[in-house]
Amino acid sequence: MSTKNDTEFDKSKEQRRIIHSRTFKVDEDDNSSSKENTTLMTDSLEYLSSVWKHVPELTKKRKGTIGNGTYSNIIKVRDDKDSRDEACKIFEIGQINSEKEKVVIRLAREVRALVRLGAHRNIVQFVELQRTPERAYLILEHLEGANGTQDLLEFVMRFAPLSEKLSRSIFEQLLCGVRHCHDNGVSHRDIKPENIVVIKDDSPPHKLRVVLIDFGLSDCNGNIEAKACGT
Ligand SMILES: Nc1ncnc2c1ncn2[C@@H]1O[C@H](COP(=O)(O)OP(=O)(O)O)[C@@H](O)[C@H]1O
Ligand SMILES: [Mg+2]
């Protein structure tokens, strides 16, 4: 038997599907020349090799699926040493060849930006990057969405209309995150409600913490207006 909450949840999933069907994504790497992509690929691999730790297999305990993205699957993992949950984006890069180009470039964009941004309240915290012969595992702090929501899109669909005070707080925090990016020469280039997570936070003055995620389309080289990019 479905409850009122289930019905609302199904409705919000359907709305999410409609929103997705009306949007399209422009990926900078799609409209780059093959020469530009070869350079990007070499650069990305060189960068990733300096960051990832080679391990025979993922060193964390798997605790279930969070979601399936275009370039990665996201799971929840447990770090026993620190007794905390973390999120893990899994990239199937295996033996790297030209077919894996886009995934590798995207992973490098994300890691480079997160490492550069360090710790900030409004940016998801990078933990580490592990590499096995088959995959790359990007470990991030785990963000437990407020009231079981997945992201800001779901939060708005479930709780609209939001009060002016709450809307202002969400927007202010988002701008804080964006300012931190720009102060550090990072352009996110794919800011949208699906890439923002709202989590509970008990520390004043905010009751919620707004966190920017998904830096897979970001740029750290000042290419802010060079090409169309994002959703
Ligand atoms: N650190 C995290 N903690 C909890 N959930 C996350 C985290 N990172 C991503 N997610 C969830 O996974 C979804 C997809 O992740 P995202 O980084 O946006 O990948 P994609 O490139 O596939 O869009 C997000 O919308 C969010 O719901
Ligand atoms: Mg995303």
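Ala, Val, Leu, Ile, Met, Phe, Trp, Tyr, Cys and Pro count as nonpolar, Asp, Glu, Lys and Arg as charged, and the others, Gly among them, as polar. This is a predicted model, in which local features need pLDDT of at least 70 and side-chain atom pairs count only at pLDDT 80 or more, while totals for chains, interfaces and linings use all residues. Residues are numbered from 1 along each chain as its sequence is written, and chains are lettered from A and ligands numbered from 1 in the order in which they are written.

**Stop one: ligand 1.** Select the shell around ligand 1, and you will find 8 nonpolar, 8 polar and 4 charged residues. Of these 20 residues (C-beta atom, placed from the backbone, within 6 Å), Gly-67, Gly-69, Ala-87, Leu-143 and Asp-214 come nearest.

**Stop two: helix α5.** Now select residues 164–183, helix α5 (a DSSP run of H or I, at least four residues). Its end C-alpha atoms lie 28 Å apart, in agreement with the 28 Å expected at 1.5 Å a residue, where the expected span is 1.5 Å times one less than the number of residues.

Next, colour Gln-173, Gly-177 and Cys-181, which are buried in α5 (20 or more other C-beta atoms within 10 Å; exposed means 12 or fewer). They sit on the same side of α5, because they cover an arc of only 90° around the axis. Turn to the face away from the buried side to meet exposed residues, including Glu-164, Arg-168 and Phe-171.

**Last stop: Lys-207.** Lys-207 is exposed, with 12 other C-beta atoms within 10 Å. Add Leu-166: Lys-207 and Leu-166 are 41 residues apart in sequence and 9.3 Å apart in space, C-alpha to C-alpha.

Methods
Helices (H or I, at least four residues) and strands (E, at least two) are DSSP runs, numbered from the N terminus. The arc is that of the directions from the helix axis to the C-beta atoms.
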